Amino acid sequence: MDADVVIVGGGLAGLVAANELVQAGKRVVLVDQENVGNLGGQAFWSFGGLFLVNSPEQRRLGVRDSFELAWRDWQGSAGWDRLAGPDAEDEWAARWGRAYVEFAAGEKRSWLRQHGVKLTPMVGWAERGGGKAFGHGNSVPRFHVAWGTGTGVSEPFAERAKDAAKQGRLRFHHRHRVDQLLVEAGRVVGVTGSVLAPDDAPRGAPTNRTVVGDFTLKAPAVILATGGIGGNHDLVRRYWPERLGAPPREMITGVPAYVDGRMLDIAADAGARLVNRDRMWHYVEGVRNWAPIWPKHAIRILPGPSPLWFDALGRRLPFPALPGYDTVATLKYLRTTPDLTAHDHSWFIVTETMLAKEFALSGSEQNADITNRNLLGVLRSRLGKGAPREVAAFRDKGADFVVADDLETLVAKMNGLTEQSLLDPALIRRQIEDRDAQMDNPYAKDVQVQGIHNSRRYKGDRWARTSAPHKVLDPQSGPLIGVKLHVLTRKSLGGLQTDLSSRVLTPHGDVLEGLYAAGEAAGFGGGGLHGYNALEGTFLGGCIFSGRAAGRALAGRN
């Protein structure tokens with residue numbers, strides 16, 4: 001045997017599993033098709049959001065949270081509906097969901113601190129939901145941000161793996177692509193695949209697929225931590241669900257090209273069960289990166305509650321398709337409304353005041369102040385006047401941004417970004433004036449304006465994420481900014497079905513001996529712990545929780 005465990009994938013889930021195994025004295029081989037510069041995978045590029053329940057950070061900001069409330073929110077959001085029959089796709093997903101919320105309300109924060117992950121004082125209110133007490137959405141803010149953003153989560157585990165390699169307890173096999181799982185007598189006993197030519201491309205950039213050799217590695221157990229399908233638009237389209245209408249003709253990409261999903265079908269060929277492949281998490285607030293690293297490189301705008309959101313024909317989106325409320329409902333509305341399906345975009349119209357305080361950009365490279373753990377820089381950029389440097393760069397250089405001092409000029413520039421002039425300035429003016437008429441009182445009948453006032457009652461949003469209520473057409477809040485928004489591919493919510501020890505199951509519900517899965521490849525646990533909707537800050541946590549479970553199971557610590 002070449003090792004006690006072979007881990008396929010050097011992202012966060014694989015690194016966490018490796019850490020558990022190395023601590024238990026196991027011999028580990030970590031295989032990844034990319035170069036050493038990509039250690040940490042997608043997590044490195046993330047904003048570093050972490051879902052926690054009843055944390056000290058929440059309590060300092062006056063937030064009352066509990067496991068009971070969080071679990072109620074999770075169930076309402078997940079909407080698991082595949083629970084019937086002997087081989088129910090959601091059977092293990094629901095168990096994983098509850099176990100994860102227990103983790104988030106329990107030892108998660110202390111465990112992260114023990115492993116070098118620290119939190120900023122900020123707690124964001126993501127996915128505010130669909131307007132029902134029991135339904136999708138976070139009842140309270142739960143989106144904690146790691147110091148260092150995604151790098152602050154992935155790098156502590158990457159460094160531990162590198163240290164283990166120096167000590168001879170872990171071996172890396174970079175530029176090794178697994179093409180097949182080895183199965184003997186119904187048990188997975190290793191992997192085989194292709195050695196790829198060396199490539200020193202920067203982190204995240206595409207690398208060559210030139211085969212220069214082959215390899216075989218044998219071990220009593222294999223952990224698949226190979227991510228989802230977000231970088232492979234062909235697979236996204238193949239599994240795009242009918243309930244979300246037709247996929248856009250053009251999408252942009254929120255993950256590197258190596259997030260290709262190829263290991264999922266390879267695992268199925270070896271006898272693994274794939275479930276819930278039609279559940280996906282794609283954002284509708286994507287903009288093209290003005291300095292791209294990977295093909296069709298997209299950045300997601302993390303909006304506050306104030307931006308006015310218009311469809312491709314210039315109509316305000318209806319509740320709950322509002323900024324920060326319900327991602328899937330917004331995607332569904334844009335892809336199923338009959339006269340919108342021919343168009344792949346929508347629009348934000350904001351004031352400079354809104355942009356400066358309410359626009360955040362997802363990604364470690366788009367938040368240098370937090371990524372570099374520069375407290376003074378954070379205070380200046382988040383609490384001071386003017387837009388953060390990275391937001392200002394998109395405003396000034398981004399292909400999807402236009403700026404003007406008056407509405408008619410702005411709409412003309414917005415029309416200049418599409419093949420047809422679809423926007424009527426008179427229609428847009430009338431809707432904005434109707435909205436502005438709601439701004440003279442601290443209450444309103446407009447649902448979005450109500451949400452702004454609600455947001456301002458939360459100290460965290462009032463200080464850093466929600467601008468003072470103001471009229472869009474007030475010149476003192478200008479200039480006006482239009483942003484063309486695209487669908488941005490990101491996460492798979494389904495995948496390999498696993499039990500609570502991260503053991504992969506067969507189509508008949510039996511354990512496929514020797515095979516484990518963690519992270520996005522396992523639908524972040526059980527083949528779908530999020531169900532149909534994510535509460536945000538749950539993707540990194542899902543990688544950590546499922547990777548830890550796999551490592552502990554194989555170390556005999558579960």
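Which residues lie nearest the centre of the second largest pocket? They are Arg249, Asp344, His345, Glu419 and Lys484, and they belong to a lining of 16 residues. The model described here is predicted.

## The second largest pocket

The volume of the second largest pocket is about 470 Å³. Sorted by class, its lining consists of seven charged, five polar and four nonpolar residues.

## Cavities

Rolling a probe the size of a water molecule over the atoms shows where empty space is left. In the whole structure, a search finds four cavities of 30 Å³ or more. The table sets out the volumes of two of them.

| Cavity | Volume |
|---|---|
| Largest cavity | About 80 Å³ |
| Second largest cavity | About 50 Å³ |

The residues around the largest cavity are Val284, Ala312, Leu334, Arg335, Leu340, His343, Asp344, His345, Ser346, Leu485, His486 and Val487. By class, six of the lining residues are nonpolar, four are polar and two are charged. Three elements, α10 (327-336), β16 (345-351) and β19 (480-492), each give at least two residues to this lining. The largest share comes from β19, with three residues. Asp344 and His345 appear in the lining of the largest cavity, and Asp344 and His345 are also among the residues nearest the centre of the second largest pocket.

The second largest cavity has Ile229, Tyr239, Leu264, Asn276, Arg277, Arg279, Ser492 and Gly494 in its lining. Three of the lining residues are nonpolar, three are polar and two are charged.

## A sheet of six strands

Strands of a sheet pair through backbone hydrogen bonds, either parallel or antiparallel. One open sheet in this model has six strands in the order β6-β2-β1-β10-β22-β21, and its pairing is mixed. The edges are taken by β6 (170-174) and β21 (503-505); each has a single partner strand, so one side of each is left without a neighbour in the sheet. On average, neighbouring strands of this sheet are turned by 30 degrees against each other, direction ignored.

At one end of the order, β21 is joined to β22 (residues 511-517) by two bridges, and the two strands run antiparallel. Here Leu505 stands opposite Val511 in β22.

## A sheet of three strands

Another open sheet consists of three strands in the order β7-β8-β9, with antiparallel pairing. Its edge strands are β7 (176-184) and β9 (211-218). Each of these has a single partner strand, so one side of each is left without a neighbour in the sheet. From one strand to the next, the twist averages 20 degrees.

Seven bridges link β8 (residues 187-196) to β9, with the two strands paired in the antiparallel sense. Within this pairing, Ser194 stands opposite Asp214 in β9.

## The annotated span

What does UniProt list for residues 4-540? The record, an unreviewed entry, gives "domain: FAD-dependent oxidoreductase 2 FAD-binding" for this span. In the model, residues 4-540 are 31% helix and 22% strand. The C-alpha atoms at the two ends of the span lie 26 Å apart.

Terms used
Residues numbered from 1 in each chain as written. Predicted model: local features only at pLDDT ≥ 70, side-chain atom pairs only at ≥ 80, totals over all residues. Heavy atoms only, no water. 1 Å grid on protein atoms, 1.4 Å probe; cavity = no way out; pocket = protein on both sides within 12 Å on 5 of 7 lines; lining within 4 Å. Points joined across faces, edges and corners; volume = space filled by probe spheres on them. Nonpolar A, V, L, I, M, F, W, Y, C, P; charged D, E, K, R; others polar. Pairing = 2+ DSSP bridges. Helix = DSSP H or I, 4+ residues; strand = E, 2+ residues; numbered from the N terminus. Axes fitted to C-alpha atoms, helices over the stretch in contact; angles between N-to-C directions. UniProt positions renumbered as here; feature names shortened; annotations may be inferred.
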